[in-house]
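Colleague: Please take a close look at one part of this model for me: the strands and what surrounds them. Keep it brisk, and end with the charged pairs.

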Amino acid sequence: MAAFYAIYYGPEGLRDKASHTHHHTIVLAEGLKQANNQILNKHFFDTLKIKPNATVSEIRKRAEAKRINLRYFDDNQHVGISLDDTVTAQDINDLLSIFNSKENFVNKLILTY
C-alpha cells in the first residue's frame, strides 16, 4: 500500500504532504507555548507531547465536545497530539482553543514564515 501511495503522489507530492504536516505541527506547538502549555519533545515532526496548563480531564472534555481524538498518557498529566496531511486551519484552531490558546492559525502562520 505504501508503494502505491508513493507512486501516486511522487517525490514532490510526498514532500509537499510532509511539509504541510510538519508546518502545521510547528504552528500548533508555537500557539500552545503562547498559552503556557509545555511542549515536552524538543524535536518533532508530526507529534507533540504536551503538559497542558489545564487538567487533563478538562482537555479531554473540550476535545470530546469537538470530536477530536487525543492521546492521554497513563500519568494523567500529559497529552499527545499527532497530525497528518489532512489537517486543516480549522483543526489547528480547534486544538488551540482546547488548550486555552487565544492564538489562531492565520496569526501563527504569518509569524512562523
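Modeller: Buried means under 20% relative accessible area, exposed over 50%, and partly exposed in between (1.4 Å probe, protein chains only). The model is predicted: local features need pLDDT of at least 70, side-chain atom pairs count only at pLDDT 80 or more, and totals for chains, interfaces and linings use all residues. Numbering starts from 1 along each chain as its sequence is written, and side-chain values use heavy atoms, without hydrogens or water.

Start with the sheet. It is open, has 4 strands in the order β1-β2-β4-β3, and its pairing is antiparallel. The edges belong to β1 (38-39) and β3, each with a single partner strand, so one side of each has no neighbour in the sheet. Strands here are DSSP E runs of at least two residues, helices are H or I runs of at least four, and both are numbered from the N terminus. Strands pair if DSSP finds at least two bridges between them.

Now go across the order, strand by strand. β1 and β2 run antiparallel and share 2 bridges. On that side, I39 stands opposite I50 in β2. β2 and β4 are also antiparallel, joined over 4 bridges. There, L48 has I81 in β4 as its bridge partner. K49 stands opposite G80, again in β4. β3 and β4 finish the sheet with an antiparallel pairing over 2 bridges. Y72 stands opposite V79 in β4. The hairpin of β3 and β4 has 6 residues between the strands, and N76 in this hairpin takes a positive phi near 60 degrees.

How do the side chains of β2 divide between the two faces? L48 and I50 point to one face and are buried. T47, K49 and K51 point to the other face and are not buried. In a regular strand, side chains alternate between the two faces of the sheet. So β2 brings two of the residues already met at its bridges, L48 and I50, into buried positions.

Next, the helix that covers the strands. α1 lies across β1, β2 and β4, and runs at about 10 degrees to β2. (Axes are lines fitted to C-alpha atoms, for helices over the stretch in contact, with angles from 0 to 180 degrees between N-to-C directions.) T25 lies in α1. T25 is buried, at a relative accessible area of 1%. Leaving aside neighbours within four places in sequence, T25 is in contact (heavy atoms within 4.5 Å) with F44, F45, D46, T47, L48 and L83. Two of these partners, T47 and L48, have already appeared along β2, where L48 is buried and T47 is not.

Then the core. The largest nonpolar core has 24 residues, and L28, L32, L70, I81, I92 and F99 touch the most other members. Five elements give two or more residues to this core: α1 (2-34), β2 (47-51), α2 (56-65), β4 (79-82) and α3 (89-98). (A nonpolar core is a set of buried Ala, Val, Leu, Ile, Met, Phe, Trp, Tyr and Cys residues joined through side-chain atoms within 4.5 Å.) I81, the partner of L48 across the β2 and β4 pairing, is thus among the members that touch the most others. I92 is another of them. Beyond four places in sequence, I92 touches H24, V27, L28, L83, V87 and F105. L83 is a contact of T25 as well.

Last, the charged pairs. The whole structure holds 4 salt bridges, each a side-chain nitrogen of Lys or Arg within 4 Å of a carboxyl oxygen of Asp or Glu. Side chains of opposite charge can pair when their charged atoms come close. In α1, K33 and E30 lie 3 residues apart, about one turn of the helix. Their side chains meet in a salt bridge at 3.2 Å, N to O. K33 is partly exposed, at 42%. E30 is partly exposed too, at 28%.

In α2, E58 and R62 form a salt bridge, with the closest N and O atoms 3.1 Å apart. The two are 4 residues apart, about one helical turn. E58 is partly exposed at 34%, and R62 is partly exposed at 25%.

D94 and K66 also form a salt bridge, with the closest N and O atoms 3.7 Å apart. This pair links distant parts of the chain: D94 is in α3, K66 is in the loop between α2 and β3 (71-72), and 28 residues separate them. D94 counts as buried at 17%, while K66 is partly exposed at 37%.
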